[in-house]
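Trainee: I am new to this structure and would like to go through it slowly, one question at a time. Could we begin once it is in front of us?

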Amino acid sequence: MIRAFLEKHDSTSNEFQGSNLSDPNLSWLPQVLKEFMLPAGFPGSVSDDYLQYMLLQFPTNVTGWICHTLVTSSLLKAVGVGSFSGTAAAASAAAIRWVSKDGIGAVGRLFIGGRFGNLFDDDPKQWRMYADFIGSAGSIFDLTTQVYPAYFLPLASLGNLAKAVARGLKDPSFRVIQNHFAISGNLGEVSAKEEVWEVTAQLLGLSLGILILDTPGLVKSYPMLVSTWASMRLLHLWLRYLSLSALQFNTINLKRARMLVQSHILQSRVPGCIDCNRDENILLWQRFIKPRIIFGVPMEEMLGSGRSTSMLKTLLRLYAREKYILVVNQQQIDFEVFVSFKVGATSVSVLRSVWQTYWLHENLNVSEDIFDQLAKSLSMMDEKFNEFIQQLDKGGWDIHQINLRVPKEISIDECPV
């Protein structure tokens, strides 16, 4: 492993020396701008999807700042800027209301960081997209303050709370994305160059937002302001989706694991990173993906109302060599499985349970004994799973970083049967 790492490191260093920021697609860009905006050694120092993502991210940020400018104008009118007489009392009242909504909004980030911190490594693309949806909802509250200035504090606080929740989702997700880009251990430089793109987009977006606000009739026409914001926001969300779709993660989360396993069982092959990431549905919740897998189910629920000792002993014998127990929920019309994990289960245990689930989904025969079919699925997994892992490795997937979390709440202690 050490030798392989050193060989890879030497190869990467040679790429740095040879590349000198040379990329045929950027030959038109002056060298000084390349050095200012791109990490040293580009393109060899970052992942292949870096430039496409940043090029899509830039207009996304521009439209975001245009929306910010339009929303801010509504907030300022709601607190009295432009309508009050300019007295000290009016200024103090506006400041108090403005600061109060910021304080209430900060609660959102506190909640997200403490409660959902373990979600972002699994699916950063999904949570980054959801952050923009939630942030858009927060901006709608801000826009309504101009119509209902008497309710400024509750409306602006709800808006700031939603946007704080969005930021709590956005920042950790993007750190995972930045870490994905930094294939040469250059996370600091990747972050610094991203700041260059972000600030440039911010300046351009603010400038365009000011020009839009200076358009005759727009400032006085609230419906025109809202329609302009809505158009910009829809464009922003579309660009965000395109930029996230351009990412090509080689790590395995639950969505990608499902796609890889299904392809292996149906076609005896696994798709590569590019194909799998392209086909991955960023927006889809796990609970809506078929076949349905429920992880961390208590043994009492798995056994059902009968709760027979013989059934428990049969399951323990069947899964003696596995770090989990899987049963098919026969109470449901649609195919569904329950999975409970043993102490010591790992992400590979989760991946094996997904493989067994998809094999059962494709081969289950309701007229046959369920325990015989569970035994057959385990036998097939013993025969095919190592081949599956080898294909993942050859396909460029990082088999050492499988982001499949084992539920911590419920575990089965090993016991003799």
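Trainee: How far apart are the end C-alpha atoms of helix α8, residues 222-245?

Mentor: Please keep in mind throughout that this is a predicted model. Helix α8 has 24 residues, and at 1.5 Å a residue these should span 34 Å. The expected span agrees with the model, because the end C-alpha atoms of α8 are also placed at a separation of 34 Å.

Trainee: Which leucines of α8 are buried?

Mentor: The buried residues of α8 include Thr228, Trp229 and Ser243, and also Arg233, His236 and Arg240. Leaving those aside, the leucines that are buried in this helix are Leu225, Leu237, Leu239 and Leu244.

Trainee: How many helices and how many strands does the protein chain contain, and what share of its residues is buried?

Mentor: The protein chain holds 14 helices and four strands. A residue counts as buried when its relative accessible area is under 20%. Of the 417 residues in the chain, the buried share is 45%.

Trainee: How many residues of strand β2, residues 324-328, are buried?

Mentor: Tyr324, Leu326 and Val328 point one way from β2, whereas Ile325 and Val327 point the other way, and all of them are buried. Such a pattern can be expected, because in a regular strand the side chains alternate between the two faces of the sheet. The strand is thus mostly covered, and its buried residues number five of five.

Trainee: Which residue of strand β3 is the bridge partner of Val327?

Mentor: Strands β2 and β3, the latter covering residues 336-342, run antiparallel and are joined by five bridges. Within that pairing, the partner of Val327 in β3 is Phe338.

Trainee: Which residue of β2 does Leu364 touch, leaving out residues up to four places away in sequence?

Mentor: Leu364 lies in the loop between α13 and α14, and it counts as partly exposed because its relative accessibility is 28%. Its C-alpha is 9.4 Å from that of Phe335, although 29 residues separate Leu364 and Phe335 in sequence. Leu364 touches Phe335, Ile370 and Gln373, and its contact in β2 is Val328.

Trainee: Is Asn277 buried or exposed?

Mentor: Asn277 sits in helix α10, residues 273-279. Its contacts beyond four places in sequence include Lys125, Leu247, Phe249 and Trp397. Because its relative accessible area is 2%, Asn277 is buried.

Trainee: Which peptide bond is cis, with omega near -5°?

Mentor: The loop to look at is the one between α10 and β1, which holds Pro291. The cis bond there is the one from Lys290 to Pro291.

Trainee: Which residue has a positive phi of about 60° although it is not a glycine?

Mentor: It is found in the loop between α9 and α10. With a relative accessible area of 47%, this residue is partly exposed. The residue with the positive phi is Ser268.

Trainee: How far apart are the closest N and O atoms of Asp142 and Lys163?

Mentor: Side chains of opposite charge can pair when their charged atoms come close. Asp142 forms a salt bridge with Lys163, and the closest N and O atoms are 2.3 Å apart. The pair links distant parts of the chain, with Asp142 in helix α5 and Lys163 in helix α6, 21 residues apart. Asp142 counts as buried because its relative accessibility is 2%, Lys163 is partly exposed at 26%, and the distance asked for is 2.3 Å.

Trainee: By about how much of the helix are Asp171 and Arg167 separated?

Mentor: The side chains of Asp171 and Arg167 meet in a salt bridge, at 3.3 Å from N to O. Because they are four residues apart in helix α6, their separation is about one helical turn.

Trainee: Which residues are linked with Arg321 in a network of salt bridges?

Mentor: Asp382 forms a salt bridge with Arg321, with the closest N and O atoms 3.6 Å apart. This pair links distant parts of the chain, since Asp382 is in helix α14 and Arg321 is in the loop between α12 and β2, 61 residues apart. Arg321 is exposed because its relative accessible area is 73%, and its partners in the network are Glu322, Arg352 and Asp382.

Definitions and conventions
Residues numbered from 1 in each chain as written. Predicted model: local features only at pLDDT ≥ 70, side-chain atom pairs only at ≥ 80, totals over all residues. Heavy atoms only, no water. Helix = DSSP H or I, 4+ residues; strand = E, 2+ residues; numbered from the N terminus. Buried < 20%, exposed > 50% of the residue type's maximum accessible area, 1.4 Å probe, protein only. Pairing = 2+ DSSP bridges. Contact = heavy atoms within 4.5 Å. Expected span 1.5 Å × (residues − 1). Salt bridge = Lys/Arg side-chain N within 4 Å of Asp/Glu carboxyl O.
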